[in-house]
Amino acid sequence: TWRERRIKVKIRDELFDRVLALRGQLLEKGLRTELRHAIETEVFDLESDLGQLRRLPSKHDPMDELHLLYLARCRVINLGDIAIQSFLGAGQRGAVFKARHNTQGIDVAVKMLLFPRNDEEIFRFKQESTILSALDHKAIVKCLAGFSRSSYLGVGWFAMEFVEDAKEFSYFFKNGPRDNSALAALATACEGLEHAHSKDIIHRDVQPRNILVDKNGNAKILDFGCAQLSSHEHTFRPLGTLTTSAPEIFDDPRTVTSKADIFSVGTILYRWYYQKWPFFASSYGDAIRQLQETSPEYQELDSPDLEQLLKQVLRREPKERPTASGLAIELRRIQHDLNKSVATK
């Protein structure tokens, strides 16, 4: 679109201007060696970016990671006291950068909505910031700076807690039941969900990539971009991830309650325990068919209690599933029993 072309040209111009300014500094006499090396390194990086920018096809995805890196590296987005350092990742509605909050002296994660396609995306992005600001729990990433707009083409952004050395929950999948510390991490995530549910907030997209686990094994929930304020909003279309969504999200999105998050936790627990997803759909139609016509397979492994719990959380009827706090208690009890069993062997 014209807007994307305008942004691309502006990025290119910013790159050229920055390179010219830096090369001008290198011509100054008496420049300290360390500063000269730092400038030469930045010039090399910027010129490398320019080379890659020229090689991009004319019709490329504006959410391309390289495109986002241009924005970050050139510092063309003015965020006041917050200085962007590196690109972390991109999703459907925005990109996340690691940044430094110069006033507070801490690292933060900055989420940006760079190319909104419609008013709903802008609304949900603002709502995510509002929801995070309303939540205060150790298992939910904190909002450190609410929604704001940059002077750079009106880019929307907000800042969150940065989780150092974090891994996505899928990290536990490679070892499966052999590493039952996954149960403790998932229990902590459930405690965070219980806090959100107590505030009338339904996450609606609980999946492995939205549960970070820090170096101490503590879980933190993030990405409330699909979240629903259960007392204020009822969406008419499915939101979330096919593999982990509850049946009611496809049956009638207006009836979704906090129990949909419980079902999603159950799919993650099932994936960790059985090393496969209970349902794996390639389209909404396929997901609806599987959830309506099939049931997960339950094999007898090492923990009958865990298998029984899985059957409860993956029940079709939402009212028959446990609460988030009840699920957290059961997960910790099962982990304790498993550890006790291993110790006595």
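## Burial and overall make-up

Buried residues account for 48% of the 345 residues in the chain. The model is a predicted one. Its chain contains ten helices and ten strands. The exposed area of the chain comes to about 17,400 Å², and carbon and sulfur atoms supply 49% of that area.

Contacts over long stretches of sequence are well represented. Taking contacts between residues at least 6 apart in sequence, 62% join residues at least 24 apart.

## The β6-β8-β9 sheet

Three strands make up an open sheet, arranged in the order β6-β8-β9 with antiparallel pairing. Its edges are formed by β6 (167–168) and β9 (219–221), each of which pairs on one side only.

Strand β8 covers residues 211–213 and is joined to β9 by three bridges, the two strands running antiparallel. One residue pair can be named here: Val-213 has Ala-219 of β9 as its bridge partner.

## Helix α5 against the sheet

Helix α5, residues 181–198, lies across β8 and β9 and runs at about 35° to β9. Its length agrees with expectation: at 1.5 Å a residue, the 18 residues of α5 should span 26 Å, and the end C-alpha atoms are 26 Å apart.

Of those 18 residues, 13 are buried, so α5 is largely enclosed by the rest of the structure. Just after the helix, Asp-200 adopts a positive phi of about 70°.

## Ala-219, a buried residue of β9

Ala-219 belongs to strand β9. It counts as buried because its relative accessibility is 1%, and the cut-off for burial is under 20%.

Which residues does Ala-219 contact, leaving aside its neighbours within four places in sequence? The set consists of Lys-138, Ala-139, Ala-185, Thr-188, Ala-189, Ile-211, Leu-212 and Val-213. For one of these residues, Thr-188, the separation from Ala-219 is 31 residues in sequence, while the C-alpha to C-alpha distance is 5.9 Å.

## Asn-210 in the loop before β8

Asn-210 is placed in the loop between β7 (201–202) and β8. Is this loop residue buried or exposed? Asn-210 has a relative accessible area of 3% and is therefore buried.

Setting aside neighbours within four places in sequence, Asn-210 is in contact with His-203, Asp-205, Lys-220, Ile-221, Leu-222 and Asp-223. Lys-220 is ten residues from Asn-210 along the chain, and the C-alpha atoms of the two are separated by 8.3 Å.

## Nonpolar cores

The largest nonpolar core has 63 residues, of which Phe-169, Phe-224, Leu-269, Trp-272 and Leu-331 touch the most other members. Helix α7 (residues 259–274) gives the most to this core, contributing ten residues. Another core, of 14 residues, lies apart from the largest one, and includes Ala-99, Val-108, Met-112 and Val-155.

Leu-269 illustrates the contacts of one residue in the largest core. Beyond its neighbours within four places in sequence, Leu-269 is in contact with Leu-183, Leu-186, Leu-306, Leu-309, Leu-310 and Leu-331.

Definitions and conventions:
Residues are numbered from 1 along each chain as its sequence is written. This is a predicted model: local features need pLDDT of at least 70, side-chain atom pairs count only at pLDDT 80 or more; totals for chains, interfaces and linings use all residues. Side-chain values use heavy atoms; hydrogens and water are left out. Helices (H or I, at least four residues) and strands (E, at least two) are DSSP runs, numbered from the N terminus. Buried means under 20% relative accessible area, exposed over 50%, partly exposed in between (1.4 Å probe, protein chains only). Contact means heavy atoms within 4.5 Å. Accessible areas come from the Shrake-Rupley method with a 1.4 Å probe; for residues, only the protein chains shown count as cover. Two strands pair if DSSP finds at least two bridges between them. Axes are lines fitted to C-alpha atoms, for helices over the stretch in contact, and angles run from 0 to 180 degrees between N-to-C directions. The expected span of a helix is 1.5 Å times one less than its number of residues. A nonpolar core is a set of buried Ala, Val, Leu, Ile, Met, Phe, Trp, Tyr and Cys residues joined through side-chain atoms within 4.5 Å.
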